[in-house]
Amino acid sequence: MPGILYLVPTPIGNLGDVSARAAETLSAVDFIAAEDTRVSVRLLNHLEIKKPLVSYHEHNQAQSGPKILARLQAGESCALVTDAGSPAISDPGEGLVRLCAEHGVPVCAIPGPCAAITALSVSGLSTARFAFEGFLPPQKKERRQRLERLAAEERTMIFYEAPHRLRETLAELEAAFGPERKISLCRELTKLHEEILRTTLHGAAAHYAEAEPRGEFVLIVAGSERRAETVTPEAAADLARSLIADGMSKKDAARQVAAETGVSRNVIYNALISGS
Ligand code: SAM
């Protein structure tokens, strides 16, 4: 009989958020796989738990994953913890869960802290339907393409972002979705300096042009309110022409109208250059 891989969520800032079941599981397993053993030791010390730790992170998962799998197949039980929050959500845990699933090793997820859901629930934006986008791709071209595809997304969107990238990301979101789109910036959740800034993309960019982005951020961005089918490509091209008449370039006009109407930027741009 194989052992069980337990996915154990850890606090995203406030140590009081570790659940009784999470602590019991960490005490009961044979060993713990941790993204950063130094970070997890601090939590284990707080809980007064002593357990053998192995390291499992982005850069060693190809070697470490099969070793953990072999121990599980031999009957040991393992708790997977990442630096903060729910393992497998925008962190290396995903790979270990897949490996176990492929080899018939049972996986048990314990519910608990997750930055995305904590931010969504406090955002004040629609929570009825949402799309978790995690981190945007690091390369500029791929980021822009991803955001262009998301411009017509009607569901509330959840992004993770590092503070040193925040200003650039806000500028890119504004260019892709338009200045008036609503955003809630959820910073340092559950920590001493927790802050929720509910504003527009333009307001957020202006705020962080002044303030230095510090700490951890989740960005909750409202979905598009206009359905692509309510604005025809011809009407979208006309809107773009009026922006061009005011001095905007064809490219920028196509991007802005695409963000506002949900009609594809390429469709608008092609209509502009073909003169139709
Ligand atoms: N698995 C984790 C979870 O369940 O939330 C997410 C891991 S991901 C590598 C780390 C990102 O989560 C950070 O860059 C930040 O965007 C977000 N995050 C984590 N803790 C946060 C906090 N206390 N406040 C705001 N965002 C946080």
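Okay, let's start at the ligand: one of its oxygen atoms has a backbone N or O atom of Glu161 sitting 3.4 Å away. Keep in mind that we're looking at a predicted model here. Of the 580 Å² of accessible area the ligand has on its own, the protein covers 90%.

Who else is around it? There are 19 residues surrounding the ligand, and the closest are Ile12, Ser86, Ile89, Ala115 and Phe217. Ala115 also puts a backbone N or O atom 2.8 Å from a ligand oxygen. With Tyr160 the side chain does the job: an N or O atom there is 2.9 Å from an oxygen of the ligand.

Now, Phe217 comes up again when you look at Pro163. That proline sits in the loop between strand S7 (156–161) and helix H7 (166–177). Leaving out residues up to four places away in sequence, Pro163 touches Pro213, Arg214, Gly215 and Phe217. And is Pro163 buried or exposed? Partly exposed, with a relative accessible area of 29%. Arg143, 20 residues away along the chain, has its C-alpha 17 Å from that of Pro163.

Last stop, the sheet. It's an open one with five parallel strands, in the order S3-S2-S4-S1-S5. S3 (53–55) and S5 (107–109) are at the edges with a single partner strand each, so each has one side without a neighbour in the sheet. From one strand to the next, the twist averages 25°. If you want to check a pairing yourselves, take S2 (residues 31–34) and S3: they run parallel and are joined by three bridges. Ala33, for instance, has Val54 in S3 as its bridge partner.

Key. Residues are numbered from 1 along each chain as its sequence is written. This is a predicted model: local features need pLDDT of at least 70, side-chain atom pairs count only at pLDDT 80 or more; totals for chains, interfaces and linings use all residues. Side-chain values use heavy atoms; hydrogens and water are left out. Two strands pair if DSSP finds at least two bridges between them. Helices (H or I, at least four residues) and strands (E, at least two) are DSSP runs, numbered from the N terminus. Axes are lines fitted to C-alpha atoms, for helices over the stretch in contact, and angles run from 0 to 180 degrees between N-to-C directions. Buried means under 20% relative accessible area, exposed over 50%, partly exposed in between (1.4 Å probe, protein chains only). Contact means heavy atoms within 4.5 Å. A residue is near a molecule or strand if one of its heavy atoms lies within 4 Å of it. A polar contact is a pair of N or O atoms within 3.5 Å; within protein, one must be able to donate a hydrogen and the other to accept it, and residues adjacent in sequence count only if both atoms are side-chain atoms. Accessible areas come from the Shrake-Rupley method with a 1.4 Å probe; for residues, only the protein chains shown count as cover.
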